[in-house]
Structure formats: C-alpha cells, structure tokens
Amino acid sequence: MNTDADFLRAAIALARRHMEAGHGGPFGAVIVLEGEIVAEGWNQVTSTLDPTAHAEIVAIRQAASTLRRFSLSGGTLYTSCEPCPMCLAAAYWARLDCIVYAATRADAAEIGFDDAKLYAELALPPELRQMPMHQALRDEARAVFHAWARKDDRMAY
C-alpha cells in the first residue's frame with residue numbers, strides 16, 4: 001500500500017523530470033483516488049504559454065477528463081509545493097478531500113515564485129486591490145442567473 005510519502009515522491013519526480021525537460025517550472029502533482037494515481041500534472045506555463053497551466057490545475061483537468069466528472073470528491077491532491085491561491089481554489093471547486101504538499105510557499109518564494117502578494121490582494125475588498133476592478137450591468141447579469149435558477153435541466157455543481 002502506498003503512503004503519502006510515496007505519492008509526494010511521485011509528484012516531486014514529475015516536477016524534476018519535466019523541469020529538466022524544459023516543460024515549465026519545478027512543480028508536479030498527482031491526484032489519488034482509492035489508493036491509485038488517476039492523474040498527473042506538471043507545470044506547463046512556459047511550454048504552453050498558459051499562465052493557468054500550473055501542475056495542480058493540469059492534474060485536476062486530467063482527472064476530471066479521465067473520470068468524466070467534475071467532482072473529484074474522495075480524491076487527494078499530492079503536490080510538490082503548497083498550492084498558490086489559484087490552485088487552492090481549483091482544489092476546492094473540484095471538491096477534493098485533502099491536499100498533501102511538500103515544499104512550502106516560503107520555499108517557493110526563495111527561488112522567485114512568490115505569491116504572497118496574491119494572498120494579500122485576495123483578502124482586500126475589490127476597491128482596494130492593486131488591479132482596478134469595476135462593477136457594471138449587474139441587473140443584466142442577474143437576469144441570466146435567474147434564468148439559470150429556473151432552468152429545469154441545469155446540473156448543479
């Protein structure tokens with residue numbers, strides 16, 4: 001039976017292999033369900049020119065596609081580094097049961113991957129964030145929400 005350490009080593013090995021191959025930054029992740037790896041991901045930001053292609057996001061997308069479901073409940077995300085705010089939010093949206101990580105966000109910051117600003121920004125109200133945010137056309141958007149709520153064939157998530 002595999003342990004947390006075994007699955008973390010698999011994520012770390014993915015990080016090293018794909019970092020050395022030039023596919024992206026030094027991050028890897030696996031998703032485990034019922035003791036089996038069902039998906040793998042590695043950082044592909046620079047190789048795919050996709051700023052959202054973090055290892056955890058890639059693994060979540062692969063797991064959802066492979067399992068043909070958007071809820072990954074019952075699963076654990078093993079990642080070589082503490083997830084950034086985007087990846088953490090994605091893990092929540094995927095309804096993963098647990099995250100196990102190796103390096104910390106402080107370790108990542110030491111080599112230039114500092115997401116402290118993002119954590120701080122998210123805690124602020126929109127009007128105080130560094131990136132300007134403006135709200136408009138609320139009633140028009142809410143009309144679509146209300147139509148969704150009345151839709152008989154909607155799939156709740």
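This is a short group-meeting talk about the pockets, the cysteines and two backbone angles in one structure.

Hi everyone. One thing before we start: what you see is a predicted model.

Let's begin with the pockets. Rolling a probe the size of a water molecule over the atoms shows where empty space is left. Here, the largest pocket comes out at a volume of about 440 Å³. Which residues are closest to its centre? Those are F27, H54, C84, F113 and D115, out of 22 that line this pocket. If you prefer to think in elements, look at α2 (45–48), α4 (85–93), α5 (105–110) and α6 (116–122), which each give two or more residues to the lining. Among these, α4 gives the most, with three residues. As for the chemistry, the lining of the largest pocket has eleven nonpolar residues, five polar and six charged.

On to the second largest pocket, with a volume of about 250 Å³. Its lining includes I12, A15, R16 and M19, and also F27 and C81. So what about the elements here? At least two lining residues each come from α1 (4–20), β3 (75–81) and α5, and α1 has the largest share, with four residues. The mix in the lining of this second largest pocket is nine nonpolar, one polar and two charged. You may have spotted F27 twice: F27 is one of the residues closest to the centre of the largest pocket, and F27 also lines the second largest pocket.

Now the cysteines. How many disulfides does a search of the whole structure find? Zero. Take C81: the nearest cysteine sulfur is that of C84, 9.2 Å away. C87 is in no disulfide either, and its nearest cysteine sulfur, again that of C84, is 3.7 Å away. A disulfide needs the two sulfur atoms within 2.5 Å, so that pair doesn't count. Are C81 and C87 buried or exposed? C81 counts as buried because its relative accessibility is 6%, under the 20% cut-off. C87 is buried too, with a relative accessible area of 0%.

Last stop, the backbone. Find L49 in the loop between α2 and α3 (55–67). Its phi is near 55°, a positive value in a residue other than glycine. L49 counts as exposed, at 74% relative accessibility. Then go to R95, in the loop between α4 and β4 (98–103). Phi of R95 is positive as well, near 60°, and R95 is partly exposed, with a relative accessible area of 32%.

That's my tour, thanks for listening!

Methods
Residues numbered from 1 in each chain as written. Predicted model: local features only at pLDDT ≥ 70, side-chain atom pairs only at ≥ 80, totals over all residues. Heavy atoms only, no water. Buried < 20%, exposed > 50% of the residue type's maximum accessible area, 1.4 Å probe, protein only. 1 Å grid on protein atoms, 1.4 Å probe; cavity = no way out; pocket = protein on both sides within 12 Å on 5 of 7 lines; lining within 4 Å. Points joined across faces, edges and corners; volume = space filled by probe spheres on them. Nonpolar A, V, L, I, M, F, W, Y, C, P; charged D, E, K, R; others polar.
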